[in-house]
Structures are given as C-alpha cells and as structure tokens.
Amino acid sequence: MPLAHKLYDTALVLAPAGRLDHDNCESFREDLAPHLERSAKDSSSIVLDLSGLEYVSSAGLRCFMLAAKQAKAQNIRIVIASMQPVVAEIFQIARFNLVFEAYPKVRDALAALSPAAAADFDRG
Amino acid sequence: MRVRFWGTRGSIPVALTSADIRDKIAVALMRAGGRSFGSIGEAYAYAEQHLDFSLSHTFGGHSACVELETGRDEYFVCDMGSGARPFGAHVLARQAGRPATVNVFMSHVHWDHIMGFPFFGPAYVTGTRIRIHGCHDVLEHAFRLQQAPPCFPVEFAQLSADIEFVRLTPGEAREICGIRVTPAAQMHSGDSFGYRFEAPGKSFVYTTDSEHKLENRAQTERFVRFFHEADLVVFDAMYSLADAISVKADWGHSSNIIGVELCQMARVKHLVLFHHEPAYDDSTIEGVLRETRRFEELTRGTQALQVSAAYDGLEIDV
C-alpha cells in the first residue's frame, strides 16, 4: 500500500490509499512504523489522510488501533481526516470513532493540531 | 432442525427494571397517538408491525442456553446458563410425565454457563437421563462444586436423574442420536469449545465465549473451516471491535465485525449475534444489530449473509 507523506510545520500528513485488509496490513504497519518513530523524536503530530482509503477490514482497523496505542504511549497526537463515506461508516460501526478524533478535511485536522501547520498547508 | 434460544445474555443474567417497562409503555402510547384497538389481537398486530422490537419486546436476560430441536426423541442443548430453568420447564411440560433424555454440550464451565443447572427441573425427575458433554477435564467437578455447601441447598448427589459426563475431544466428530457433533477449541480464559452440529443437509454452529486474534491467520483459517457453509452460526458478539482489541483484549470475547467477516469467508447463511453485553439495554442491542446488518451490506461479496440478534424466546428453523 502506498503511504504518501508530507510535513506541514510540525504535523506529518500520511495518506494510505486503496484497500487495507489481511493481505497488506502488516506491510502498512511496517510503512507506518518509521513515521511514528520520527514523530516521537521530533515531537510532531500525525494526520492520517484517509481520502484515498477505499475499504478497511478488521485487520486494517487493528493496525490503526496499534498506531493509536503507540502514539499514546509516546505522547504523539494522531488524528484522522477526510474519510470516504464507507470507511467512516466502518469506523463508526467498529466504534473507532471513539478511538480517533476525526475531521472532515486535512486542513481542519491541521488547524486542530497547530495554527502553524494549517498556515503551512495554506501556503501550499 | 430448529434452534430455540432460552438464554442469550453474556456474563450475568439481567432483568428489565420497573422504570424500563414504564418507559417502554409510555413511548408506545405516544407512538400510538390516540389510536384505539378493538381487540387484543389488533393491539398485538400494532405492536408487531409498527413499534421497534426494542420497544415492544426485550432481548431478554437469561445467560447462555440454546436448544437444538432435531426432530428426534432426545433433547440437545448448548450450555446450562440461567436459561436452563425455563428450558427445563419446557422439557417437563412436553414430556408430560415421560422420562426425557437430554444431551448437554458445554462451551465451558464459567459460572454464567452452568448456573441454571441447579434449577433445571428434569434433573430432579427419576428416570431422566442427562448426558453432559464437554472437553474440559474439570467439567464434572464444576457441576458438583456449584451445588456443594454452602453455595446451594441441594447437593449434586441428591439429584434424581441419571447424570453422566461425556468427555469429547476437539476436532473429533461424534455421532449422537443421529446428529454429528464436532467440538472446536476456542480462545477463552480456561479454554472454551464451540460445537458444530450436522444432520443430512443441515449444519448449525454454536460458538460463544471465543476471542479471535486478528493477527493469527492460522486461527482465522481454522474457524473459517469450522463454520464452512453452515446454515446458522450463533456467535459471541459481546463487544465492539474497538473494545475487543484494546481495553477488553484477552477478555475472551469477540465482536459483531469479526462475526460478519468470519461468516462471509466461510459462506455461512445466517449469523446470530449472541452473548449480549449485560450493560447494553434493548435499544443498544437493536442498534448493534442494525449496524451489523449495514456492515454486512457494505462488505458483501457474492453471497448475502442474514444477520439476527438472539433474544430469549427466538426460534430459527434451519
């Protein structure tokens, strides 16, 4: 699964795309790990931009749960943005809406994390 | 085959409170909006057709007890939770004085799954044969222990029925009164076991108090084989997925999401959510059912999976 990433001031935006299920959840975890480590080191926050995520299974949700746990343990703030309607419904049914703060757009998430990150986003 | 649910609640029996009943009646009256009914039949029909199940009924509160009616002379029942008391009354009424043979299949011996046995009427009737099947070496010990002083006034040895404990082995099928029964080991504190019941052209799986670790592909594949093309799977869906894999990980229970995924992989026809969280009220369970049906719709492949939520008194023909 491609994991595009871009830093806005102290907020790192990660954008998984496609389907996240049993077949690729481990590689997603491996791709995510260095970003979590870097954020812990840099005291940066993470926005998971899910606009490109078409589907997530229970195995994929587990990856998000592990990321949330690791972020909490390392005092990293991690939030979600731009979920497609199907993924948003799955998050709701699985009660992952109680695990992550979710925002309609990446800009909204960045603004909630840091005005400087939102300003950086606005500058393009 | 007919599956009849006598107890569907997880962990501990629950009962509606007087305030719960008052609230249901008040909302039902409001919904009726001044309508009048000429007979009790009309009122029943209105309740069935126009009110939410959670308003006009209750999912119920007995702990696990599920009967499998096979069309044969002997009774089959999974677990002896508090639902065993009304099940016992049903057996006695149906037998009308004739001695019964009851085959019990125990998922495990945690209290909520054995607590109904001291109140199981047929156990007090001479001539009744009760065969308690299970895979635990502590099976008989647990049944005797809960009736030992000072916990209960009637000791196990005083029961009049002819009671036999039958040890089964996970993965080994056994023919019992024309039904093929196969136990499967499950993940739960102290171990638990699911059962697959098969008659020609029909199959039913009872799988409760079973945790599924998403990272364990081998375990997932084993359960997909165990559920394979079953007509009906009664599944422990006690927690939300988020709870099951975080704060309640290793508590030995599963979620509606995992139930749907496993049943879809196994091409099961009908999934029944079971072992309801005792903290959930009727409206919450109905909400979980509605969401689970939606999740099934969102993730459906080529075959639709029917989804129901068990309630005390539910009967499903397989």
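**Exercise 1. Contacts of B:Val233**

Task: In this predicted model, find which residues B:Val233 touches, leaving out residues up to four places away in sequence.

Solution. Step one: the contacts in chain B are B:Val205, B:Thr207, B:Phe227, B:Cys263, B:Val268, B:Leu271 and B:Val272. Step two: place B:Val233 in the core. The largest nonpolar core has 123 residues, and B:Val233 is among those that touch the most other members, together with A:Val47, A:Leu110, B:Val66 and B:Val234. Helix H2 of chain A (residues 58-73) gives this core its largest share, 6 residues. Step three: check the confidence. Chain B has a mean pLDDT of 97, with 100% of its residues at 70 or more, and the model scores ipTM 0.92 and pTM 0.96.

**Exercise 2. The surroundings of strand S10 of chain B**

Task: Determine which strands pair with S10(B), and in which sense they run.

Solution. Step one: S9(B), residues 192-199, is joined to S10(B) by 5 bridges, and the two run antiparallel. B:Glu198 has B:Ser203 as its bridge partner. These strands form a hairpin with 2 residues between them, and B:Gly201 in the turn has a positive phi of about 80 degrees. Step two: S11(B), residues 232-236, is joined to S10(B) by 4 bridges and runs parallel to it. Here B:Phe204 stands opposite B:Leu232. Between S10(B) and S11(B) the chain passes through helix H7 (residues 217-227), in a right-handed β-α-β crossover. Step three: consider burial. Of the 6 residues of S10(B) (residues 202-207), 5 are buried, so the strand is largely enclosed by the rest of the structure.

**Exercise 3. The two faces of strand S3 of chain B**

Task: Decide whether the residues on each side of S3(B), residues 75-78, are buried or exposed.

Solution. Step one: recall the general pattern. Side chains in a regular strand alternate between the two faces of the sheet. Step two: assign the sides. B:Tyr75 and B:Val77 lie on one side, B:Phe76 and B:Cys78 on the other. Step three: all four are buried, and both faces of the strand are covered. Step four: add the partners. S2(B), residues 65-69, pairs with S3(B) in the antiparallel sense over 3 bridges, and B:Leu68 is bridged to B:Phe76. Their hairpin has 5 residues between the strands, with B:Gly71 at a positive phi near 85 degrees. S4(B), residues 101-105, pairs with S3(B) in the parallel sense over 4 bridges, and B:Cys78 stands opposite B:Phe105. The connection from S3(B) to S4(B) goes through helix H4 (residues 84-95) as a right-handed β-α-β crossover.

**Exercise 4. The contact between the chains**

Task: Describe the side of chain A that touches chain B by element and by class.

Solution. Step one: each chain's contribution is 15 residues from chain A and 15 residues from chain B. Step two: on the chain A side, the elements giving two or more residues are H2 and H3 (85-93). H2(A) gives the largest share, 5 residues. Step three: by class, this side has 10 nonpolar, 2 polar and 3 charged residues.

**Exercise 5. The setting of A:Tyr55**

Task: Classify A:Tyr55 by its C-beta neighbours.

Solution. Step one: A:Tyr55 lies in strand S5 of chain A, residues 53-56. Step two: a residue is buried at 20 or more neighbours and exposed at 12 or fewer. A:Tyr55 has 15 C-beta neighbours inside 10 Å and therefore counts as partly exposed. Step three: leaving out residues up to four places away in sequence, A:Tyr55 touches A:Arg19, A:Val86 and A:Val87. Step four: A:Leu66 is 11 residues from A:Tyr55 in sequence and 18 Å away, C-alpha to C-alpha.

Terms used. Residues are numbered from 1 along each chain as its sequence is written. Chains are lettered from A and ligands numbered from 1 in the order in which they are written. pLDDT is the predictor's confidence in each residue, from 0 to 100. A nonpolar core is a set of buried Ala, Val, Leu, Ile, Met, Phe, Trp, Tyr and Cys residues joined through C-beta atoms within 7 Å. Two residues are in contact if their C-beta atoms, placed from the backbone, lie within 7 Å. Two strands pair if DSSP finds at least two bridges between them. A crossover is right-handed if, with the strands pointing away from the viewer, the path from the first strand over the helix to the second runs clockwise. Ala, Val, Leu, Ile, Met, Phe, Trp, Tyr, Cys and Pro count as nonpolar, Asp, Glu, Lys and Arg as charged, and the others, Gly among them, as polar.
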